Amino acid sequence: MHLNLVRFSDFGTISRYSALFGEDAVIVAGPGPAAGHVKGPALASSPGIIPCSILEGPGSAVPRKSADKGFVVAVRGSSPESCAWAANSKGVDLLLQPFSTEKCFLDIQTANVLRDRAVFVGVLFSDFLESDGFRQAQLFKNAAMCVKLCASAGTKILLLSGARSWQQMRASKDLSSFGVMLGMGKEDALRAVRGNAEEFAGRFT
């Protein structure tokens, strides 16, 4: 199973490049409630697309899922409070990018709760493409700390492109190499783009 996450909604382009990269499913993420940005004909005509609603953290309303659980609820890990809220809120599936150029917002206690509640941590490659110089070095440093904490806690990681356009989409082999750059062992990096991806996608497909 190859899974990716993108942050744009040109479904023709997503489908074309996903087929090129051999992806089985793509999470199409955007802000707001219940992933309304991917409902209707676009979703129906794009097999393998899983809608995703990205929440900002404390104070956000977690959308209620239908019986088929056909969409992902993600939280942007932009602060320690957002990470803790994601870990403790019912209905959250994915914590995205719990670090920045300034610091890692995840701690071992929160990572333990994420593990126990089966909330995955998503690391988005596109943010690294959008930074350079010292800021990129700091982003790598804090992402590596996040990866290490997740490994210590047994929290499952997904390595995802997070692409905002087709130019930022990447194949799973590139994402696993990215994981190795963050300090993951080769097998752990492969698991983050294959085994973990299969387990996660199985909730929604």
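A residue is called buried when its relative accessible area is under 20%, exposed when it is over 50%, and partly exposed in between (1.4 Å probe, protein chains only). By this scale A118, at 36% relative accessibility, counts as partly exposed.

The model is predicted: local features need pLDDT of at least 70, side-chain atom pairs count only at pLDDT 80 or more, and totals for chains, interfaces and linings use all residues. Residues are numbered from 1 along each chain as its sequence is written, and side-chain values use heavy atoms, with hydrogens and water left out.

**Overall organisation**

The protein has 9 helices and 7 strands; these are DSSP runs numbered from the N terminus, helices being H or I of at least four residues and strands E of at least two. Of its 205 residues, 52% count as buried. Contact here means heavy atoms within 4.5 Å. Among contacts between residues at least 6 apart in sequence, 60% join residues at least 24 apart.

**Helices α7 and α8**

Two packed helices are described by the angle between their axes and the distance between the axes. Helix α7 (residues 172–181) and helix α8 (residues 186–193) pack at about 135°, and their axes are 8 Å apart. That angle makes α7 oblique to α8. Angles under 35 degrees count as roughly parallel, over 145 as roughly antiparallel, 65 to 115 as roughly perpendicular and the rest as oblique. The axes are lines fitted to C-alpha atoms over the stretch in contact, and angles run from 0 to 180 degrees between N-to-C directions. The crossing of α7 and α8 is right-handed, the near helix being turned clockwise from the far one by less than a right angle.

On the α7 side, S172, L175, S176, G179 and V180 make the contact, and on the α8 side K186, A189, L190 and V193 do so. By class, this contact has 5 nonpolar, 3 polar and 1 charged residues. Ala, Val, Leu, Ile, Met, Phe, Trp, Tyr, Cys and Pro count as nonpolar, Asp, Glu, Lys and Arg as charged, and the others, Gly among them, as polar.

The buried residues of α7 are S172, L175, S176, F178 and G179. Seen down the axis of α7, these residues fall within an arc of 155°, so they line one face of the helix; the arc is that of the directions from the helix axis to the C-beta atoms. K173 and M181 are exposed on the other side of α7. The elements covering the buried residues of α7 include β1 (3–6), β6 (120–124), α5 (126–129), α6 (133–153), β7 (157–160) and α8. Just after α7, G183 takes a positive phi of about 100°.

**Individual residues**

Within helix α8, A189 is buried at 0% relative accessibility. Not counting residues up to four places away in sequence, A189 touches L159, S176, G179, V180 and M184. The C-alpha atoms of A189 and I157, 32 residues apart along the chain, are separated by 8.9 Å.

S18 belongs to helix α1 (residues 11–20) and is buried, at 6% relative accessibility. Leaving aside neighbours within four places in sequence, S18 is in contact with E23, V26 and M169.

The table gives two loop residues with positive phi that are not glycine.

| Residue | Phi | Loop | Relative accessibility |
|---|---|---|---|
| Q97 | about 50° | between β5 (94–96) and α4 (108–116) | 7%, buried |
| A118 | about 60° | between α4 and β6 | 36%, partly exposed |
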